[in-house]
Amino acid sequence: LAAAADLAQAKASLLAGFQDARKVRVFRGWWALTAALQQFYASDRIHGFVRALEALIYPEIAKTEKQFVHRCSLFAAPSTEKETARQALEEAYKMRCDVEHVHDWDRSLTKYPVAEREDIAYWRTRQMESLACSAYAKIFADNALQRHFYADAALDQFWRRPEDEVRVAFGCVCDITKLKLVRKYDGWGRADFSEWPKGWRETLERRHEGHANSTFQALGFNA
């Protein structure tokens with residue numbers, strides 16, 4: 001909560017520095033992100049998450065998909081996982097385009113078996129949510145990085161820098177390759193406990209002194 005409060009204050013301070021924030025690309029992207037987080041359908045959510053990321057990477061005309069994949073990959077995962085991240089980014093971008101043009105959101109996922117496509121689509125959505133949230137948090141909290149997002153001209157110059165410099169400036173804000181593909185859900189559409197990352201349940205058990213099962217049941221989970 002303290003971190004969230006600090007982030008909100010940093011964003012408010014940055015916002016106050018502009019006469020008309022509507023003209024600032026990073027804030028238009030932020031509003032796209034916050035709107036996406038309020039959407040119910042995953043297809044609408046991924047559309048907004050990709051749009052929010054697109055605001056940050058300032059793509060050139062007719063090069064949007066290529067530069068979205070390349071530029072986002074510089075802060076979406078360590079360089080050792082670059083190709084895995086690029087695959088996720090490419091699929092997410094194509095999904096966003098299909099949603100934009102009112103096609104089925106998983107239309108581009110034909111290389112996967114039909115039974116797996118929805119799970120893959122939800123996976124890509126969670127990855128883009130994590131990446132977009134982490135990227136904006138990084139920008140609002142990092143004054144040195146923040147200055148590159150004050151204006152389009154500064155953004156353009158930032159993305160013309162060598163890859164290594166961009167990686168150092170941005171850092172790996174999150175590793176989307178670590179987010180797990182979920183195949184089993186509970187009655188509320190949440191990841192089943194069997195899908196939780198290793199160690200999470202053990203941590204909760206320790207935190208609740210062995211009473212995690214009753215806590216989970218009270219929250220509607222099947223322990």
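Colleague: Taking a salt bridge as a side-chain nitrogen of Lys or Arg within 4 Å of a carboxyl oxygen of Asp or Glu, what N to O distance applies to Glu65 and Lys94?

Modeller: The side chains of Glu65 and Lys94 meet at 2.9 Å, N to O. The pair links distant parts of the chain, with Glu65 in helix α4 and Lys94 in helix α5, 29 residues apart. Please note that this is a predicted model, in which local features need pLDDT of at least 70 and side-chain atom pairs count only at pLDDT 80 or more, while totals for chains, interfaces and linings use all residues. Residues are numbered from 1 along each chain as its sequence is written, and side-chain values use heavy atoms, leaving out hydrogens and water.

Colleague: Are those two side chains buried or exposed?

Modeller: Neither; "buried" means under 20% relative accessible area, "exposed" over 50%, and "partly exposed" in between, with a 1.4 Å probe and protein chains only. Glu65 is partly exposed at 29%, and Lys94 is partly exposed at 31%.

Colleague: How many salt bridges are there in the whole structure?

Modeller: A search of the whole structure finds eleven. One of them pairs Asp98 with Arg107, whose closest N and O atoms are 3.1 Å apart. Asp98 is buried, with a relative accessible area of 6%, whereas Arg107 is partly exposed at 46%. Asp156 and Arg160 also meet in a salt bridge, at 3.1 Å, N to O. Asp156 is partly exposed at 22%, and Arg160 is exposed at 56%. In addition, Glu91, Lys111 and Arg124 are joined into one network by salt bridges that share partners.

Colleague: What about Asp119: which side chain of opposite charge is nearest?

Modeller: That is Arg183, 5.0 Å away, and Asp119 has no salt bridge although it is buried. Lys and Arg count as positive here and Asp and Glu as negative, with His and the chain ends not counted. Asp119 is found in helix α6. Contact means heavy atoms within 4.5 Å, and Asp119 is in contact with Leu181, Val182, Arg183 and Tyr185, leaving aside its neighbours within four places in sequence.

Colleague: Let us step back. How many helices and strands does the protein have?

Modeller: It has eleven helices and zero strands. Both are DSSP runs numbered from the N terminus: helices are H or I with at least four residues, and strands are E with at least two. Of the 223 residues, 41% count as buried. Among contacts with a separation of 6 or more, 59% come from residues 24 or more positions apart.

Colleague: And the largest nonpolar core: how many residues has it?

Modeller: It has 55 residues, and those with the most contacts inside it are Phe68, Phe75, Met128, Leu131 and Phe170. Helices α2, α3, α4, α5, α6, α8 and α9 each supply at least two residues of this core, and the largest share, ten residues, comes from α6. A nonpolar core is a set of buried Ala, Val, Leu, Ile, Met, Phe, Trp, Tyr and Cys residues joined through side-chain atoms within 4.5 Å.

Colleague: What does Phe170 touch?

Modeller: Not counting residues up to four places away in sequence, Phe170 touches Phe75, Ala135, Lys138, Ile139, Leu145, Phe149, Phe158 and Trp159. Phe170 lies in helix α9 and counts as buried because its relative accessibility is 1%.

Colleague: Phe75 sits in α4, I believe. How many residues of α4 are buried?

Modeller: Ten of its 13 residues are buried, including Phe68, Cys72 and Phe75. The buried residues of α4 pack against α3, α5, α6, α8 and α9. From first C-alpha to last, α4 reaches 17 Å, close to the 18 Å expected; the expected span is 1.5 Å times one less than the number of residues.

Colleague: Finally, how many disulfides are there?

Modeller: There are zero, a disulfide being a pair of cysteine sulfur atoms within 2.5 Å. The sulfur of Cys133 is 9.2 Å from the closest cysteine sulfur, that of Cys174, which is too far for a bond. Cys133 is partly exposed at 29%, whereas Cys72 is buried at 0%.
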